[in-house]
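Good morning, and thank you for joining this meeting. I would like to take you through a structure that is new to most of this group.

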Amino acid sequence: MEHFARGVVKSRYIILIISIILLIPAAIGYFNTKVNYDLLYYLPDSIDTMKGQEYILDDFHTGAFGICMVKGLSDKKVSELKKKIEKVDHVEKVIWYDSIAKLKIPKSMIPKKVYNKFNYGDSTIMMIMFNDTSSADNTLNAINEIRTITKNQCKLTGISAIVNDTKILSEQETPIYVGIAILISVIILSLLMDSWLIPFFFLASIGMAIIYNLGSNFFFGQISYVTKALAAVLQLAVTMDYSIFLWHSYEEKKDAHEDKLTAMTHAIRETISSVVGSSVTTIAGFIALCFMTFTLGLDLGIVMAKGVLLGVISCVTILPSMILVFDKAIEKTRHKQLLPDFKKIPKAITKHYWIPIVIFVLLIVPAVFGYKNTNVYYDLSMSLPDYLESVDTQKILNEKYKLGSANIILVNKELPAKKTKAMLEDIKKTEGVSATIGMETIIDAKIPQAFIPEKLTHELVGKKYEMLIFMSQYKTGSDRANKLSNDVEKIIKKYDKTGMLVGEAACTRDLIEITNVDFKIVSTVSIVAILIIIALVFRSISIPIILVALIEFGIFINLGIPYYTHTTLPFVASIVIGTIQLGATVDYAILMTNRYRLERSSGKDKKTAARDAMAASMKSVIVSALTFFGATIGVGIYSSIDMISSLCTLMARGALISMVCVICILPAFFILTDKFIIKGSYRFLKTSK
């Protein structure tokens, strides 16, 4: 490490020049990385719902569909509008009730149930099918074109419309997220550090690492919009500690060495040994996300683990170079540090250590209860503001048409018509099904053959499969919608074992089942990995148990609060926030434990050691937690996308909760479990010798 540190100091100008040059390919990579706005895309390809989408694309040249609501137009005008929509590039077909029967047929001959599913008052709905996948650029461009050419005569909803609105909103807000995070971080750091200028160099070096990280995502082909929106903010939040540690170490070394170059050499060497160990727990937390079957975790986990690694490299190369090159300017902006020394708090807590223990015992049950009972939603439209067209239209369909979702069934085209008809009858009788549409329902309606459009056969029957449609009354992601999907799937398999249920409701049902398992896997992997890392760092069995239990307690409180505030969280937040909070904030506990070991090894009794460890570590823990809080809270408050807002709010709150747990409860744990720590650790009291 000595040679590396000297090399950095000696090559500081070269490092800065190279780091600036590297921003060019990184920026090119960033702007050419595709972003996926469809979270259902990350479901595993092996499940029937995802296979079915591929079959629909192959057999019917249709990969996505949406629902268009038209209000105040005559049937003739609607039919003309439908033809206009059909001419839009990548629109494969549009199904309205004139697809089932020509307009010249009297409405009295149309089965009332069928007619009512397409009409309500002076409004009517049609299903638009696209020839590409839900989140493909072709589909999203088609949606924008439909909205343009129809001049607001129709309103679109469905998964593709929701994806499109998410894309537009996310692209508008993401740059603002970064700006807010930077602004609040500068304010907090300027107040907490002893120089007005140094926060800007922290942000400059971390900013370069963020650009490198986002640019290198080009090699993955694409990333999710959640990852894109969170990566910069989260990387800033979890890697700022490293910059603060380097600066404090440099300040200490300058007091011992007159030469600033020598001081920085020692600071880099000390930072590497400390930061590498600290970053491993954070990286482990993100790597745990990669074990999710729902591959959004893999997407976010790899990008963030890479970001932390790049943050460490930037901290020990780019930042030292900046500090040395601009040392005079930094010195001119010195000011008195505003954070007090906190001498009384450590004395009070260690003297009355039983109070934090009692609080811990009293809070653990309600915290765990709230954690286990917090409500979670899976309907992606709930993550978006109500004013968006896709969300507003979906609510109208739910309320007036009693339409929660439109679902597609694929059955073998060779299945006898009698069996298909019986299947549809069974599905129609299932609670929650408002209508079924298929060739067999039309025949059953006894509409004269002359009135049936010839192209209907081509629209509903492909090379291998026949397409059936059923309308659900239930809101996507609800328990009733999931039960209905299961019931319909059983009926399908009863008549055709190769049949499949496809659509947003079925995909969301699968999403719920998969992520419920993923949640347990991610939690287990992150806890086990961090237990092992801490055990190796301290050569202890007891210390990992105490530290992880403490941070997990903070996680229980954080994720339990929404239950008591009657807040429903997006499913992604409930899965990833625990592992992020554990990986990113267990460092606070590790820092104080290291100091406690040092104090105990110097011969101090457990109360004195706990008090001095707290006094020595408290300021660093507060600065780290507040910078994490500052980088995320602004985004949490500002974002209109609840998926982003909830994640950032939980991260910000989690940082503060972990900070309080470490400052108030951990010293009490040291005093209470001192014998357990010593007996469960290898040479705990002899490390200073």
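Let me begin with a term: a residue is called buried when its relative accessible area is under 20%. Please keep in mind throughout that we are looking at a predicted model.

I start with helix α7, which covers residues 137–149. Its 13 residues reach 18 Å from the first C-alpha to the last, close to the 18 Å expected at 1.5 Å a residue. Which residues of α7 are buried? They are Thr139, Leu140, Ala142, Ile143, Ile146 and Arg147. Viewed down the axis of α7, these buried residues fall within an arc of 155 degrees, so they line one face of the helix. After α7 comes Lys151, which has a positive phi, near 50 degrees.

Ala142 brings us to the nonpolar cores, since this residue of α7 is included in a second, separate core of 45 residues. Met69, Val78 and Ala406 are also among the members of that core. The largest nonpolar core, for its part, has 160 residues, and those with the most contacts inside it are Phe294, Phe571 and Leu666. Helix α25, residues 642–672, supplies the largest share of this core, namely 18 residues.

What does Leu666 touch, leaving aside residues up to four places away in sequence? Its contacts are Ile546, Leu547, Leu550, Ala589, Met592, Thr593 and Cys661.

Met592 appears again in the surroundings of Ser617, a residue of helix α24, which spans residues 606–638. With residues up to four places away in sequence again set aside, Ser617 touches Leu591, Met592 and Arg595. Ser617 has a relative accessible area of 3% and is therefore buried.

I turn next to the cysteines. How many disulfides does a search of the whole structure find? The search finds 0. Cys664, for example, is in no disulfide, and the nearest cysteine sulfur, that of Cys661, lies 8.2 Å away. For a disulfide, the two sulfur atoms would have to be within 2.5 Å. Cys664 is partly exposed, at a relative accessible area of 28%, whereas Cys315 counts as buried at 1%.

Finally, I come to strand β10, residues 433–437. Here 5 of the 5 residues are buried, so the strand is largely enclosed by the rest of the structure. β10 pairs with strand β11, residues 465–472, in the antiparallel sense over 4 bridges. Within this pairing, Ala435 has Met471 of β11 as its bridge partner.

Thank you for your attention.

Methods:
Residues are numbered from 1 along each chain as its sequence is written. This is a predicted model: local features need pLDDT of at least 70, side-chain atom pairs count only at pLDDT 80 or more; totals for chains, interfaces and linings use all residues. Side-chain values use heavy atoms; hydrogens and water are left out. Helices (H or I, at least four residues) and strands (E, at least two) are DSSP runs, numbered from the N terminus. The expected span of a helix is 1.5 Å times one less than its number of residues. Buried means under 20% relative accessible area, exposed over 50%, partly exposed in between (1.4 Å probe, protein chains only). The arc is that of the directions from the helix axis to the C-beta atoms. A nonpolar core is a set of buried Ala, Val, Leu, Ile, Met, Phe, Trp, Tyr and Cys residues joined through side-chain atoms within 4.5 Å. Contact means heavy atoms within 4.5 Å. Two strands pair if DSSP finds at least two bridges between them.
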